[in-house]
Amino acid sequence: MTQATIRSRSAIAAHPITSTAIALLVAVDIFLVLWVPLYSRLTPKWGDFPFFYWYLLIIMPVSSLLLWIAALLQKRLARPGTGRASGAVLAEGTVRSVEAGSEDGQ
Amino acid sequence: MSGVNVTTFTIVIILFVVVTGVGFAAARWRRADMMNLDEWGLGGRGFGTFITWFLLGGDLYTAYTFIAVPALVFGSGSIGFYAVAYTIMVFPIVFIFLPRLWSVSRVHGYVTPADFIRGRYGSRGLALAAAFTGILALMPYIALQLVGIQAVLTVMGVGASSSNSFVKDLPLFIAFLVLAIFTYVSGLRAPAMIAFIKDTLIYVFVLVAVFYIPTRLGGWGHIFGFAQAHFAAISPVTKKPLGTFVPVAQSIGSTRLDFASLALGSAVALFLYPHAITGTLAAKRRGAVKRNMIYLPLYSVLLALIALFGYMAVADPVTAANVKKAGNAQLAVPYLFQHMFPSWFTGVAFAGIIIGALVPAAIMSIAAANLFTKNVFVEFFKQDASPALQTRMSQWVSLVVKLGALLFAVELPHTFSINLQLLGGIWILQLAPMLIGGLFTRWFHRWALLAGWLAGMLFGTIAAYNVSSVTASHWAGSSDIEFGHTIYIGLTAVLLNLVVAVVLTLILKAVRAPEGADETLPEQYLADPDQAPVPVPAGAGARLDG
């Protein structure tokens with residue numbers, strides 16, 4: 001159990017900058033919409049659209065893009081030889097043993 | 001049946017028949033043994049990125065999108081755009097936890113969120129609470145779909161002229177029956193296949209409407225200008241402005257905090273719903289889930305455009321007068337289309353809305369049925385149920401759930417049908433600590449989670465019951481005033497839930513209460529096995545795939 005915990009955390013420990021970047025990307029993505037004072041105003045207008053309305057439309061592709069970058073970074077974390085990959089292999093092996101007896105889990 | 005436009009009616013009927021045919025034919029798609037719950041209820045867990053996108057899109061954009069959101073925008077202005085903020089925010093939020101849920105469910109063969117709760121905390125009681133919440137929360141959500149169908153049928157003039165309430169609702173019952181039967185026969189494959197047709201119809205009519213209607217109404221400038229002036233006007237009844245054009249800091253009914261809390265609460269709630277999880281678990285690979293978080297916002301663009309239909313309805317005098325005469329804001333979009341489009345295209349749009357409500361209703365009732373079968377029936381009544389019996393059970397429960405939804409649709413006030421979805425949200429949000437929390441940590445104690453859940457459910461239900469308005473004494477809204485601010489009840493309830501869970505966990509850990517077994521391992525939350533787990537055949541089973 002403890003050994004496995006260390007293994008799954010090692011991906012984050014091995015790439016602190018990439019991991020922080022992923023967390024930041026996702027947090028910024030949420031903040032841009034959650035913080036309503038950021039966009040609840042009428043100006044500047046874009047064409048006939050008041051700011052509030054065109055901001056909500058523009059932020060969608062931006063949100064997609066940020067998540068796409070985050071996913072790419074996660075892929076880098078998961079390259080062969082890192083903790084994540086070995087974890088996946090290990091996981092398939094453990095299915096049977098877990099089903100066999102989970103009582104002794106703790 | 002006077003006042004029925006024959007062209008519109010014919011187009012709707014033709015498209016409805018086509019879709020029904022596809023629904024029944026879907027049973028043969030990727031043919032497999034339908035007497036297996038993994039097949040009936042999860043489409044064999046073999047959907048790639050593309051189909052998952054359609055299926056999740058079919059889940060997420062429903063009558064809520066086409067009827068309820070524009071109705072709120074029509075009635076109250078900018079607060080309705082919380083739905084747009086929510087569908088943007090939902091993807092970064094679920095990006096955090098959904099892939100983990102997919103992985104651990106794939107490794108252990110979980111079909112429902114309650115399966116995971118049971119495996120993670122070794123607690124049947126907690127799993128039962130999760131199953132109960134899921135089924136309860138889905139009923140008002142399905143009811144919302146029915147209200148949406150009803151809105152379209154009313155504007156079409158079908159049955160509406162009759163004063164007999166049975167005749168009036170007959171077309172709704174027929175649509176409902178067809179839905180029930182093809183869900184029963186084809187399981188999840190039916191809505192997955194129909195979703196293709198539905199989305200094509202919807203994309204076509206939304207894009208046409210967005211470019212065409214403004215040209216009829218004097219352009220976007222006029223639409224926005226008219227709406228702004230309209231919502232600033234003082235209502236003679238309440239002596240307050242009719243609505244807001246952008247969320248403001250201080251106002252009754254539409255503050256920035258209300259807007260943000262509705263958006264955040266709905267975003268967290270969405271992927272706690274069993275049907276959204278069902279759609280996710282039907283994906284073949286972890287990557288398909290993640291890629292969908294990136295592609296699904298395409299639907300959000302659509303939602304924002306549909307929300308703007310509410311302003312178009314405000315700016316079109318004929319539509320506004322029709323809605324006012326009927327006294328039902330839900331009719332805003334159907335009336336707008338009827339007035340703006342030639343009758344054949346109105347038929348296409350109406351069929352799109354009706355089918356767009358039937359698909360999610362089917363997926364939701366399947367998810368609720370899976371929950372009941374796996375986590376109540378098998379768990380507590382018949383541990384040795386064969387796969388065939390389990391599937392039959394799910395098929396019947398899916399019918400019962402739909403009837404429950406019909407009750408919600410009839411009983412609750414319809415001023416804003418969006419409240420049906422927000423009420424479901426209040427309940428389903430109470431699963432957040434055990435489900436999302438459980439995906440990251442085993443720190444919470446199972447009894448503390450149960451107590452927190454109970455506190456949140458009770459507080460949320462009572463608070464929602466007590467919300468009144470000019471037209472309804474109870475269940476009239478989903479936000480109330482806490483500490484001087486208008487805020488979504490679901491969010492306050494889940495905060496209470498979390499506080500109770502944390503405090504009790506600290507106490508229970510101090511007295512060393514038994515923790516329960518955890519059958520999951522940390523690396524299983526990141527796993528990406530390409531083979532679906534073999535469903536454990538209890539007893540003989542009816543497996544024909546050997």
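Reader: Where does helix 17 of chain B bend, and by how much?
Author: In this predicted model, helix 17 of chain B bends by about 30 degrees at B:Thr373. The bend is the angle between axes fitted to the seven residues ending there and the seven starting there. Helices are DSSP runs of H or I with at least four residues, strands are runs of E with at least two, and both are numbered from the N terminus.

Reader: What span does helix 17 of chain B reach?
Author: Helix 17 covers residues 343-381 of chain B and reaches 54 Å from its first C-alpha to its last, close to the expected 57 Å. The expected span is 1.5 Å times one less than the number of residues.

Reader: How many residues of helix 17 of chain B are buried?
Author: In helix 17 of chain B, 29 of the 39 residues are buried. Buried denotes 20 or more other C-beta atoms within 10 Å of the residue's own, with C-beta atoms placed from the backbone.

Reader: Turning to the whole chains, what percentage of residues is buried in chain B, and what in chain A?
Author: Buried residues make up 60% of the 546 residues in chain B and 22% of the 106 residues in chain A.

Reader: And how many helices and strands are there in each?
Author: Chain B has 22 helices and two strands, while chain A has four helices and zero strands.

Reader: What conventions and confidence limits apply?
Author: Residues are numbered from 1 along each chain as its sequence is written, and chains are lettered from A and ligands numbered from 1 in the order written. Local features need pLDDT of at least 70 and side-chain atom pairs count only at pLDDT 80 or more, whereas totals for chains, interfaces and linings use all residues.

Notes:
Buried ≥ 20, exposed ≤ 12 C-beta atoms within 10 Å, placed from the backbone.
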